[in-house]
Amino acid sequence: MNNLPYDNFFQAELALDGIEAIDYFLAKSLLAAPSEKLDNSGASDSALITAHNAPVTSLLFHLFLALSLSQRNGHSCLELNEIAEQTLWQVADDAENQQVVQAKIGYTFPSLETLLKTLQGYQVTGLDGDKQLLVLQYQLLYLRRYWQFEQQLAGFIADKFNESSTADHNTIEHILTTLFPSKNTNIDWQLTSVANALNKTFSIIAGGPGTGKTYTVTKLLAGLLMQNPSLNIAMVAPTGKAAQRLSESIINTINSFKQQNVVDEQILDKLPTTASTIHRLLGVIKNSPNFRHDQQHPLAIDVLLIDEVSMVDLAMMTRIFRAIPKGCKVILIGDADQLPSVATGSVLADLAPWPDSQYSVSNKSYLEQVSRQQLPYFNKQPSVDYLTYLTLSRRFKSDGGIGQLAKLVIAGDAENSWQLLTQKQNNELDFVANKTLQQYVGQLTAQYYQPIFKAQTVKDAFAALDKFRILVPTRVGEYGLENLNKLVEQHLIKAHCIKPKQELYHGRPIMISQNHYGVNLFNGDIGLLFKDNSGRLAAYFSEPGGFRAVSIARLPSFETVYAMTIHKTQGSEFENVALILPEQATNRLLSRELIYTAITRAKQHLQIFCKQPIWQSGVNKKVSRASGLSQRLLTMLS
């Protein structure tokens, strides 16, 4: 390995900005690994390349560095076209910068043709054989593990979608007439999505906040039970909080249906009302990435509904499909515009990358027959029969500031979104100016958090807490949640709501940060420390029908939650939201998807504390994760 471009990680770090030790050692290990092809002396191709061809070795080493960096940033692969003829890891000498910034030369990659030829000569193109560490396909470079995840998931979905459906069209038409008795002059995409899913074993219902995804899914599940009352239906979500919200939404929708007398009460009584986490459904094996349910031990279910799919990463979704039995219907629900998962992949965005529904001629004909409505002519390719988009938001007013701002942000319109945000005439939006962070947090604490400490009951305290949340992109720094939570507590001390240096105090909102199946608490669950009538302090958590007290001694790891990271709020909503963005426009977490997710957590009122350059930088930056899943699936389905 004497011919490596850097003698050690520290030398590489001096030349390349932003690399981590894991990048260096992965690249070094990949170069040292033997390939399948051996010469007569028994030396491997990679050993020969390292020993005798320094330029090729340097190129491969930097390619593998880029692959590791890509993996750390959530991509399932390295898109070669994106790095061809580009310089990575470079930092220019900035004489005007007050901070001392060391210039770094970075590395400039050659043309795409050279990259492909070099990798093909390195024997990474083989698509079979478990020993192959790297796979090159669609001009994408993969670590074999993630290529396998993509290949397996695409295969599972294609097989599931192609499973024959025995659903009778006349029966479906009758069910739809029952579920949707009122006539609509415009196209009813909720009706269309139910019709589309009733005759398929794999379907996706996508849409933004307030478009009625849960309402639609409840009608869909009722329709499936009208087809077969004995179905075993499972509902899951990625986090405990998302599962709880799904359960509450389903229960509320069922109660609404009972009042409207639209669906037979016997059918409604059969609908599931409890959702679990994905981990709980699959069965966690301690200290193992695998689950009790897999291809050899499939789940005993007939229908699987997965909510908040944007939060599910590639590896987890593959493991879910491994455990799904033949004939089981799979329904995915989510908002493809939200942030992708914190781990590798962006499964929902890959499977639902189109801005609207797009059906084949045969599927369009079926839908028009059973739904008794005329659908638009679809002339775009490819057709995606498993996907339906809901577009009409019922959470936000059509002319309301929150909905308008969300649309402009996700469209990447930095200029008009800033103008909308800073104009004075919109009562749903407030742009916060002429205040320091300390002043602003003090104002928010007095308005929204002091009422928690005046509440006489747990119910009233939760009602106060659920009205509002501060949202931030990061945990650390002046504008991170850790500092903001401390600032809130400092203001609460000044207001004599809590005592100094008191950690476990009455009224403290907490978020669970570790799953604990023994006490039925999961990462993301939100609770309150509250004293009962006898003065005993316990942790209370909301659940259908009331609140559950848990001894503080039995709690898994938890943290204070006046402020939350935007990632943690997926699957949640609040009446009022304050979004606080950092001062650094170069913050790598800022993106239009992050800002959109924060905006759409607010139901009634949104305040935003930021500077114009930061806002524009975030809205202009789009999260795009390299993946071959969409292309792979469409190839299998065509």
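**Figure 1. Cavities of the predicted model.** Two cavities of 30 Å³ or more are counted in this predicted model. The largest cavity has a volume of about 40 Å³, and the second largest cavity holds about 30 Å³ of space.

**Figure 2. Close-up of the largest cavity.** The lining consists of Leu 481, Met 511, Glu 559, Thr 560, Val 561, Ala 563, Met 564, Thr 565 and Lys 568. Strands E18 (558–560) and E19 (563–565) each contribute at least two lining residues; the largest share, three residues, belongs to E19. By character, five residues of this lining are nonpolar, two polar and two charged.

**Figure 3. Close-up of the second largest cavity.** Ser 76, Glu 150, Leu 314, Gly 345, Ser 346, Val 347, Asp 350, Ser 627 and Leu 629 form the lining. Three of these residues are nonpolar, four polar and two charged.

**Figure 4. Salt bridge between Arg 372 and Glu 173.** The N to O distance in this pair is 2.7 Å. Arg 372 lies in the loop between helix H16 (361–371) and strand E11 (387–390), and Glu 173 in helix H8 (residues 169–179), so the bridge ties together parts that are 199 residues apart in sequence. Arg 372 is exposed at 53% relative accessibility, whereas Glu 173 is buried at 16%.

**Figure 5. Salt bridge between Arg 475 and Glu 559.** The side chains meet at 3.0 Å, N to O. Because Arg 475 lies in the loop between strand E13 (468–472) and helix H21 (481–494) and Glu 559 in strand E18, the pair ties together parts that are 84 residues apart in sequence. Arg 475 is partly exposed, with a relative accessible area of 36%. Glu 559 also belongs to the lining of the largest cavity.

Notes. Residues are numbered from 1 along each chain as its sequence is written. This is a predicted model: local features need pLDDT of at least 70, side-chain atom pairs count only at pLDDT 80 or more; totals for chains, interfaces and linings use all residues. Side-chain values use heavy atoms; hydrogens and water are left out. On a 1 Å grid over the protein atoms alone, a cavity is a set of points where a 1.4 Å probe fits but cannot get out, and a pocket is an open set with protein on both sides within 12 Å along at least five of seven lines; lining residues have an atom within 4 Å of a point. Grid points are joined across faces, edges and corners, and a volume is the space filled by probe spheres set on the points. Helices (H or I, at least four residues) and strands (E, at least two) are DSSP runs, numbered from the N terminus. Ala, Val, Leu, Ile, Met, Phe, Trp, Tyr, Cys and Pro count as nonpolar, Asp, Glu, Lys and Arg as charged, and the others, Gly among them, as polar. A salt bridge is a side-chain nitrogen of Lys or Arg within 4 Å of a carboxyl oxygen of Asp or Glu. Buried means under 20% relative accessible area, exposed over 50%, partly exposed in between (1.4 Å probe, protein chains only).
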